[in-house]
Amino acid sequence: MKKYKPNFNDPRVASKAKSALGWATQQLHEHKYAGWSTRHLDKRIGYSHTNLGKFLRQQLLITHNNHYSMEQGYTKQYRLNLHGVYRLAQQLNIEYNPRKLRRSIGVKTAIEQYQHHFDSPFHYELKSNRYWNELQHIRTDIRTRLFAYHGFTLNYDIENALPTVIAQTARDTGRIRKQLHTVEEYVLDPHGLRQNFAQALGVDVATAKKIIVATFNGATLRPGSRIEEMLTRLQMHKLKHNTWYLTLKQDLNRAWSAIARDQGVRSIPSRKRMEIYLGIERKIVNVIKHEFSKKNIQIFLEHDGWRAKDWIDPHQLKLTVQKKTGYRVEFACEVYR
């Protein structure tokens, strides 16, 4: 059987290949695997039953496993094929920085592909009490450079939003007799505590953070849980016997127990806990959105943060949020140059 070779002189073939290359370099990691559904890959790269779609998948994707389950929501996992990216970029005559292959191609194609988002006010879909826009799915390093290209060089976020909101909501019920020491310590020094926690488990800081965030979101340590999937058997054993982590879970249980009693229920399941948090987060974000709009400063929302073209006084914004929502939050701001 003759091996398929795309005709990149055909504008339609070149356009489809360039779009697929852009998506892959903007979304996929070269070292970490992530799950993607067949439907999504069909849309972004091409149908696997077509010659071009099959060719682009072979060039751009490395499959981690072939296990999937529609019933349980498991998808196949993939990472970026850098060698294929290199070959495809050369065939399409796309300029790139060889030392930063993925990023340079990702930024270049993102600037071209998403120009229409910057020609008018940003539009969002409201999903699970959060504002969603397809630009949020682009990898952070590329998204930062894309927005900086369009003048959005200020990146704000609510510092430790999840633990801050949970602790204050629990305290405001008046049903907490003892302080939530571990939660409040984490709000004050998240970086130091993550570092210590990572060392105790023998994992990297990024994994330690994921475990902590998952715990705040109500994850358990049961077999097959999100947390168990991140760890080896030895690391899981260390986690189950880590004093700081066990105390954190106890404090979180006390916090949610107080919130449940305040709402007249015995307990609040994990999914409902996240709904409560996201509802509060949205109230805070709506105040922020309104304040920037009053000053005619365009922003782009990213969950509990936002990107902006112009600066606004974080202290004054904090006072406004507290006045209108009752929540005392701190803001961090990074400038990309």
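1. A good place to start is burial: 47% of the 337 residues of the protein count as buried. Please keep in mind throughout that this is a predicted model.

2. On overall dimensions, the C-alpha atoms fit a box of roughly 75 × 55 × 35 Å along the principal axes. The accessible surface of the protein is about 19,500 Å², and carbon and sulfur atoms account for 48% of that area.

3. For the fold, you will find 15 helices and 9 strands in the protein. If you look at contacts between residues at least 6 apart in sequence, 64% of them link residues at least 24 apart.

4. Now to the interior. The largest nonpolar core holds 58 residues, and the members that touch the most others in it are Ile227, Leu239, Phe292 and Trp306. Which helix gives the most to this core? That is helix H14, spanning residues 270-294, with 9 residues.

5. Phe292 deserves a look of its own. Leaving aside residues up to four places away in sequence, Phe292 touches Tyr156, Ile297, Ile299, Trp306, Ala308, Asp310, Ile312 and Leu317. One of these partners, Asp310, counts as a negative residue. Apart from the core of Phe292 lies another one, made of 26 residues; Phe8, Ala14, Trp23 and Leu61 are among them.

6. Finally, a word on charge, which may interest you when you set up electrostatics. The protein carries 56 positive and 30 negative charges, and the mean positions of the two sets are 5 Å apart.

Technical notes:
Residues are numbered from 1 along each chain as its sequence is written. This is a predicted model: local features need pLDDT of at least 70, side-chain atom pairs count only at pLDDT 80 or more; totals for chains, interfaces and linings use all residues. Side-chain values use heavy atoms; hydrogens and water are left out. Helices (H or I, at least four residues) and strands (E, at least two) are DSSP runs, numbered from the N terminus. Buried means under 20% relative accessible area, exposed over 50%, partly exposed in between (1.4 Å probe, protein chains only). Contact means heavy atoms within 4.5 Å. Accessible areas come from the Shrake-Rupley method with a 1.4 Å probe; for residues, only the protein chains shown count as cover. The place of a charge is taken as NZ of Lys, CZ of Arg, CG of Asp or CD of Glu. A nonpolar core is a set of buried Ala, Val, Leu, Ile, Met, Phe, Trp, Tyr and Cys residues joined through side-chain atoms within 4.5 Å.
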